[in-house]
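Welcome to a short set of exercises on reading a protein model. Have a look at the picture first, then try each task before you read its solution.

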Amino acid sequence: MAARKTTKKPNVSAEELKTYYREMLLIRRFEEKAGQLYGMGLIGGFCHLYIGQEAVVVGLEAAARDGDKRITSYRDHGHMLACGMEPGGVMAELTGREGGLSKGKGGSMHMFSKEKHFYGGHGIVGAQVPLGAGLAFADKYKENGGVTFTYFGDGAANQGQVYETFNMAAIWSLPVIFVIENNQYAMGTSQERSTSTKDIYHRGEAFGIPGEIVDGMDVLAVKAASEKAVAHCRAGKGPYILEIKTYRYRGHSMSDPAKYRTREEVQKVREQSDPIEHVRDLLLTGKHATEDDLKAIDKEIKEIVNQAAEFSKESPEPSLDELWTDIYA
Ligand SMILES: Cc1ncc(C[n+]2csc(CCOP(=O)(O)OP(=O)(O)O)c2C)c(N)n1
Ligand SMILES: [Mg+2]
């Protein structure tokens, strides 16, 4: 499991720490609520929760600036919340309602935001990787200094199209950060069973792309690595790979009985490396916040999530004439 040791920790203010605490907690509580609504039959179809992985996207987004782009897989709710998309719009999409970000027609895996430069939500494993390079190509062409965060999993990292993309991204020096969210499992297959090496970050070496391992349970380590990768891309030095070691607490999707690992394994990570508890500890032991301050944040987040859930239940189902809009025909 991820050990807290790799990247040097930056100095960080109390306000910044509280921001990360708030952002990670929003994702966690949102995902817990989504799990509940799924259990109640209010969400149908596929639903992949991000619980456990919150520090990855929050740390990476901490180094992004306006206009930077992001694209990811089906495990995408955290990415949407972290780049500022409305929790109500995300939740209403999960429940298939008109107020959802894809008007209730896309569901969990298919949401986008032009405003926040979020390009999905992709159900085909690895498909977002060449698309991410394409987004970076556009930035390079327009010389706008933008960087694209292209997220994919440890399972996706074994796909051929990833390496075709590495080659082209290196040839064209594209400003793309390939973020491997190594949560140790691809559905029911552990990384140990599926992958010939322990680490994946060095797979860009053959293409001249630098890479590094990051502790994905430590938001400050992720932020520091993100800043380094972003600086590399913005300086015109081409792509960068971050292999972020993380862990998902829940099953692969809502329909996963999780027989491939023990409860003890999950429990151990929760107890020893939880990313939210880590920041909570830093806040309290550093005397940056009191228990009461944190309780107030918890309350604020709970309200945001409850409101999102209410909206996702009250928003009507899309009208029948929506069947014929937003399609290629
Ligand atoms: C091309 C393709 N092959 C297989 C699948 C079925 N599938 C969905 S998720 C998944 C595992 C991917 O694992 P990983 O990349 O580690 O991402 P994680 O789910 O852990 O976030 C597989 C095999 C798919 N959706 N697309
Ligand atoms: Mg995985």
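**Exercise 1.** Is R70 buried or exposed? Find where R70 sits and what surrounds it.

*Solution.* Step 1: count neighbours. R70 has 29 other C-beta atoms within 10 Å, so R70 is buried. Here a residue is buried if 20 or more other C-beta atoms (placed from the backbone) lie within 10 Å of its own, exposed if 12 or fewer, and partly exposed in between.

A word on the source before we go on: this is a predicted model, in which local features need pLDDT of at least 70 and side-chain atom pairs count only at pLDDT 80 or more, while totals for chains, interfaces and linings use all residues. Residues are numbered from 1 along each chain as its sequence is written, and chains are lettered from A and ligands numbered from 1 in the order in which they are written.

Step 2: locate the residue. R70 belongs to strand β1; strands (E, at least two residues) and helices (H or I, at least four) are DSSP runs, numbered from the N terminus.

Step 3: list the contacts. Leaving aside neighbours within four places in sequence, R70 touches H79, C83, H117, F118, Y119 and F149, where contact means that C-beta atoms, placed from the backbone, lie within 7 Å.

**Exercise 2.** In what order do the strands of the open sheet lie? Work out which strands stand at the edges.

*Solution.* Step 1: read across the sheet. Its five strands follow the order β1-β2-β3-β7-β6, with parallel pairing; two strands pair if DSSP finds at least two bridges between them.

Step 2: look at the ends. β1 (69-71) and β6 (211-215) each have a single partner strand, so one side of each lacks a neighbour in the sheet.

Step 3: add the twist. From one strand to the next it averages 20°. Axes are lines fitted to C-alpha atoms (for helices, over the stretch in contact), and angles run from 0 to 180 degrees between N-to-C directions.

Step 4: find a helix. Helix α5 (residues 128-142) packs on the sheet, where it touches β1, β2 and β3, and its direction makes about 175° with that of β2.

**Exercise 3.** Which bridge partners does β2 offer, and which way do its residues point?

*Solution.* Step 1: start on the β1 side. Three bridges join β1 to β2 in parallel, and R70 is partnered by F149 of β2.

Step 2: turn to β3. Strand β2 (residues 148-153) runs parallel to β3 (residues 176-182), with six bridges between them. Among the pairs are T148 with V176 and T150 with F178.

Step 3: sort the directions. In a regular strand the side chains alternate between the two faces of the sheet. In β2, T148, T150 and F152 point one way, while F149, Y151 and G153 point the other way.

Step 4: check burial. Six of the six residues of β2 are buried, so this strand is largely enclosed by the rest of the structure.

**Exercise 4.** Where do M187 and A258, two non-glycine residues with positive phi, lie?

*Solution.* Step 1: take M187. Its phi is about 50°, and M187 lies in the loop between β4 (185-186) and β5 (189-190). M187 has 13 C-beta neighbours inside 10 Å, so it counts as partly exposed.

Step 2: take A258. Its phi is about 55°, and A258 is in the loop between β7 (240-245) and α9 (263-273). With 14 C-beta neighbours inside 10 Å, A258 also counts as partly exposed.

Technical notes
Two residues are in contact if their C-beta atoms, placed from the backbone, lie within 7 Å.
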